[in-house]
Structure formats: C-alpha cells, structure tokens
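This briefing covers the surroundings of the ligand and the arrangement of strands and helices. Please have the sequence and the model open while reading.

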Amino acid sequence: MALISAVFSSLPTLLTYGALALGVAFAIHILSQLIVPKDPRQPPVVFSILPFMGNAVEFGMNPIQFLKKCQEKYGDVFTFYMVGKRVTVCLGADGNQFVFNAKQNLSSAAEAYNDMTKYVFGREVVYDAPHNIFMEQKRFIKAGLNSEHFRQHVPMIVEETTEFFKQFKKPSGLMEAYSTFGELIICTASRCLMGKEIRAALDESVAGLYYDLDQGFKPINFMFPNLPLPSYKRRDIACEKMANLYSSIIQRRKAENDNSNADLLQALMDATYKDGTSIPDKHIAGMMIAVLFGGQHTSATTSAWTMLELANQPELIAALRQEQIEKLGSLKAELTFDNLKDMPLLEAVIRETLRLHPPIFQMMRKVVADKIVYEKSGFEIPKGNFICAAPGVTQVDEKYFNEPTKYNPYRWLEKTDPVHQLEVGDDANIDYGFGAVGISSKSPFLPFGAGRHRCIGEQFGYLQLKTIVSTFIRTFDFELEKEGVPKPDYTSMVVVPEHPSNLKYTWRE
Ligand code: HEM
C-alpha cells in the first residue's frame with residue numbers, strides 16, 4: 001500500500017522528468033542534424049524529427065512518394081533513418097546496377113534478411129547457408145522449374161482455377177481481389193511445386209502451418225525478428241512441423257519408389273550438391289518453404305492487381321479474349337504451355353502490372369566491408385548501412401517510361417519507351433552459380449531483381465499468372481465495385497491493393 005501511494009505521489013515528478021528527457025532527446029536529434037558538420041564523402045542524410053524512428057512513419061505510409069520527394073531534394077543517393085537502421089537509397093538505373101552488382105564481400109543480402117528468414121525457412125538454407133551453397137540451392141530450384149514440368153503444370157493450374165471458382169455459386173456477386181487470388185495461388189502453387197501430398201493436405205493441417213509461418217513473415221518480424229510473443233512461438237513450431245511433414249513425404253516417396261512426379265519436391269530429392277552429397281531432408285523442406293514464400297504473396301498480389309486494372313479498362317478484357325480467339329480459334333480451346341507463349345498482349349498485361357505494381361518495390365543489402373564506394377556518385381557508404389535499390393521508383397520514372405503512371409500494356413508491344421534502349425548490358429550473361437542472370441542490372445524495369453539474387457521463379461510466375469488470367473476472363477465478366485483502381489497498401493511485405501478491393505463478377509455462359 002505504502003509503495004503504491006509513494007509511486008502515485010511521485011508520478012507528477014516522474015512524468016516531468018520523462019517529458020524533459022524526451023524533449024532533450026528531440027533537441028539533440030534535431031540540433032545534431034543542423035549543427036554537426038557533414039562528411040562530404042558520405043551521401044546526404046534526410047532530415048527527420050523523430051529520434052530512433054527517423055523517417056519510418058513517412059516511409060511506411062507511402063514509400064514511393066517519400067523516395068521521390070527525397071530524390072528531388074537530395075538527388076539519386078541519400079541516407080535515411082528507419083527504426084535505428086541507416087538506409088542508403090541508390091535510385092536510377094545506375095543505382096540499380098550499383099546495388100545489384102555489388103561484390104559479395106562488400107555487401108550482403110544474407111546480412112539484410114537472414115535475421116528474419118531463418119526462422120521461417122529453417123536453418124542452413126537460403127540466407128542461412130554459405131553464399132556458394134545458397135547459389136547451388138538456387139540452381140536446384142531453377143532446374144526443377146523447367147519446360148517439361150511447365151507443360152504438365154498448365155492443365156493442373158486450369159483445373160485448380162476452374163474448381164476454385166465453383167465456390168462462387170451465385171450467377172453474379174462480389175469477390176475481394178487480394179484474398180481470393182491469394183487463396184487460389186496457394187492451391188495452384190502447392191499442386192505444381194509443393195507436391196500432391198501437400199496439396200491433398202491443404203484444407204487441413206497444412207493451411208494452419210502456412211498461416212502460422214506467414215504470421216512470422218511480416219514487416220514487424222523484419223524489424224524485430226525474435227520477440228517473446230505467441231505468434232513468434234507458433235512460427236517456430238510451424239517451421240519444425242513443416243520440416244517433419246516434408247521429411248515424412250520424402251521417406252514415403254523413397255520407400256515406395258514414387259519418383260515420377262513433375263513437382264519441385266521431386267527435383268530437389270533427385271539433386272546432389274557439387275561435392276556429391278545428397279540434399280538433407282531439412283534442406284529440402286527449407287527450400288520448399290522459401291519457394292512458397294518467394295512465390296505466394298508476389299503472385300497473389302500481381303494477379304489481384306491485374307484483374308483490378310483489367311476491370312478498370314474493359315476494352316483490354318475484350319482485346320485479351322480476341323487474342324485468344326485469333327491464336328487458338330475459340331475461348332474454349334485448351335490452354336497449353338506452348339500456346340500461352342504466343343500471346344503477346346497477355347504477356348504485356350502482366351509486365352505492365354509488374355511495372356506499375358511491383359510486389360517488391362525495393363531490395364536491400366547490408367554493407368559488410370568497412371565501406372563501399374559508389375564510384376558513379378562519388379560517395380562512400382559505411383559498414384552497417386543498408387543499401388537499397390528501388391526499381392519501384394525507376395519503373396514510374398518518366399526518364400524511362402512515357403506517361404509512367406498510366407496502365408498501358410501496349411507500351412511493351414510498341415517498344416517506344418526509352419526503357420527499351422537500356423535493358424541490354426553484358427552483366428545479363430553473368431552466371432553466379434544458377435545459370436545466366438538473363439537481364440542487365442542497369443535496366444530500370446526490374447520487378448524480379450537482378451544480379452546474384454535475381455528471382456528464379458519468374459518463368460513459373462508468368463506461366464501461372466497467364467493461365468489464371470486466361471481462365472478468369474473466359475469464366476467471368478467483371479468490373480470494379482467502386483470507381484477507380486484501389487490505392488496501394490504498403491503495410492505488408494508486398495504491395496497489395498487496399499482492402500477491400502472488390503470485383504463485381506458475373507458468370508459467363
Ligand atoms: C510475380 C511473381 C514474383 C515476383 C514479382 C518476384 C520477385 C522477386 C524479387 C524482386 C526477387 C529479388 C529479391 C532481392 O534481390 O532481394 C526475387 C528473388 C527470388 N524469388 Fe521471386 N518473385 C516472384 C515469384 C517467385 C516464384 C514463383 C518463386 C519460386 C518458384 C520465387 C523464388 C525466388 C527466389 C528463390 C529468389 C532468390 C532470392 C535471393 O537470391 O536472394 N519467386 N523474387
């Protein structure tokens with residue numbers, strides 16, 4: 001009792017001291033930015049009011065707008081503070097090239113991401129593996145995503161999509177774009193990549209495990225990878241259970257000689273490391289989880305944005321249907337891996353969605369050498385800083401794209417935008433251990449990244465999206481519920497349409 005009353009009686013004094021300390025911290029933070037002389041070798045620092053938080057709030061609300069505003073004020077290279085982290089942003093095509101091509105001993109993706117990803121994917125895979133082993137792991141995954149498998153994947157995706165939409169029983173109604181396509185992508189990706197066993201268990205145990213892992217793959221986990229909270233505990237348990245589940249599937253397939261599966265799981269089971277050792281089950285499980293996370297939200301949001309943009313321009317839906325009629329004879333003709341390759345407008349629609357709505361608009365590395373010199377800008381970036389490329393900014397820069405904020409898939413067919421002169425470069429042929437990268441890191445259009453960390457799921461991603469879009473436009477007429485394409489929501493790991501982003505659908509005959 002005495003203690004409580006003592007605390008209460010001293011509360012006003014405590015509050016006064018607290019407010020004073022906060023005031024001093026603010027004053028020091030602001031004055032140090034105004035008074036302390038700047039090192040001219042280092043990039044300019046973006047002014048911020050809040051100590052520790054830095055520019056996190058402004059960045060979090062609309063990062064593209066924030067980065068463009070900073071670009072106008074400070075130029076293409078600048079540093080800002082975000083929850084105690086120093087982030088040096090390198091904008092423009094040169095900035096992309098600098099970040100994506102930086103040497104491994106100077107800057108590291110593992111140092112930037114592994115604190116978080118090791119808990120979701122498990123140990124000894126991806127960023128938790130030595131870099132050369134990770135590159136081998138990428139090679140295995142890429143090898144499993146091949147034309148022979150893709151040929152078998154297309155009918156599977158058509159079947160999954162057709163079945164999935166049967167749940168919309170009314171002749172017309174509303175569907176929320178991101179959640180609907182998110183659910184569909186889990187089905188299609190599980191069926192094609194994760195294996196028939198995982199697909200079969202999707203409605204039961206696996207869905208819960210996916211959910212718990214996903215709760216550990218949020219911006220908060222990036223900032224605070226390991227808090228003593230129930231969701232973190234559930235994430236760890238789910239990771240272990242997934243590894244055990246995969247292990248049991250692998251053991252069963254081996255015992256029963258069940259080895260003619262067109263999925264990624266089988267491809268990994270059949271692969272061996274360069275030193276001749278076979279891949280441990282827990283590495284296979286980790287890679288499967290990483291693939292799921294690499295492809296799930298990215299493809300879900302891209303399909304949602306595509307349908308929303310199409311719904312906003314019905315003449316595009318008509319043109320896509322016309323393309324199918326011209327190429328295939330009718331909207332009832334079977335979709336195949338080969339005929340989907342020959343649909344330029346369909347491809348351009350997806351490219352344009354990825355330009356205007358890149359799911360991952362910025363990519364980070366952490367400087368691990370004493371400093372890294374960005375020669376073209378003349379700046380030195382010190383150890384511990386994050387360096388950040390932001391293709392999401394170059395992809396809407398009028399230097400590279402005419403009328404950059406307009407959703408116009410035809411730009412990819414007409415090829416009159418300045419971007420087309422910049423997409424080529426020798427670094428496209430570099431092989432970091434998983435085959436040639438395929439695109440120059442100097443391109444302003446990099447929704448799949450570039451360099452050693454470039455996406456290896458691009459081809460599968462396109463195939464999946466093309467098949468889903470084609471099936472959707474054959475199945476439904478659709479329009480936006482409210483006028484205008486929804487705004488982007490930047491609070492998840494990928495950029496999603498603001499919730500709810502409803503489509504009004506009507507079943508076609
Ligand atoms: C629309 C679909 C997709 C988009 C927009 C996308 C985007 C990206 C981006 C931007 C990166 C580079 C990250 C960085 O540099 O930090 C990346 C890497 C990667 N993605 Fe994708 N991705 C997609 C689909 C997929 C799919 C379907 C898979 C698996 C089948 C996948 C697996 C990976 C892997 C393994 C990496 C390598 C990460 C690294 O080396 O650090 N992605 N992806």
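Along strand S9, which side chains point to one face and are buried, and which point to the other and are not? In this predicted model, Phe476, Phe478 and Leu480 of S9 point to one face and are buried, while Asp477 and Glu479 point to the other face and are not buried. The points below continue with S9, then turn to the open sheet, its helices and the ligand.

**Strand S9 and its partner**

- Strand S9 spans residues 476–480, and its side chains alternate along the strand.
- In general, the side chains of a regular strand alternate between the two faces of the sheet.
- S9 pairs with strand S12 (residues 502–507) in the antiparallel sense, over 5 bridges.
- Leucine 480 has leucine 503 in S12 as its bridge partner; Leu480 is also one of the buried side chains of S9.

**The open sheet**

- An open sheet is formed by 5 strands in the order S1-S2-S8-S5-S3, with mixed pairing.
- Strand S1 (77–82) and strand S3 (107–108) stand at the edges; each has a single partner strand, so one side of each is left without a neighbour in the sheet.
- Within this order, strand S2 (residues 85–90) and strand S8 (residues 386–389) pair in the parallel sense over 4 bridges.
- Opposite valine 89 stands cysteine 388 in S8.

**Helices on the sheet**

- Helix H4 (residues 63–74) lies across S1 and S2 and runs at about 130° to S1.
- Helix H6 (residues 109–121) packs on the sheet and touches S3, S5 and S8; the direction of H6 makes about 110° with that of S5.

**Surroundings of the ligand**

- The ligand is surrounded by 26 residues, the closest being Tyr127, Lys138, Arg365, His453 and Cys455.
- By class, the residues of this shell divide into 15 nonpolar, 8 polar and 3 charged.
- Helix H7 (131–144), helix H15 (281–312) and strand S5 (363–367) each supply at least two residues of the shell.
- H15 provides the largest share of the shell, 6 residues.
- Strand S5 thus appears in two settings: as a strand of the open sheet and as a contributor to the shell around the ligand.

**Polar atoms at the ligand**

- An N or O atom in the side chain of tyrosine 127 is 2.5 Å from an oxygen atom of the ligand.
- For arginine 365, a polar side-chain atom lies 2.8 Å from an oxygen atom of the ligand.
- For tyrosine 113, a polar side-chain atom lies 2.9 Å from an oxygen atom of the ligand.

How values were computed
Residues numbered from 1 in each chain as written. Predicted model: local features only at pLDDT ≥ 70, side-chain atom pairs only at ≥ 80, totals over all residues. Heavy atoms only, no water. Near = heavy atom within 4 Å. Polar contact = N/O pair within 3.5 Å; in protein donor to acceptor, adjacent residues only side chain to side chain. Nonpolar A, V, L, I, M, F, W, Y, C, P; charged D, E, K, R; others polar. Pairing = 2+ DSSP bridges. Contact = heavy atoms within 4.5 Å. Axes fitted to C-alpha atoms, helices over the stretch in contact; angles between N-to-C directions. Buried < 20%, exposed > 50% of the residue type's maximum accessible area, 1.4 Å probe, protein only.
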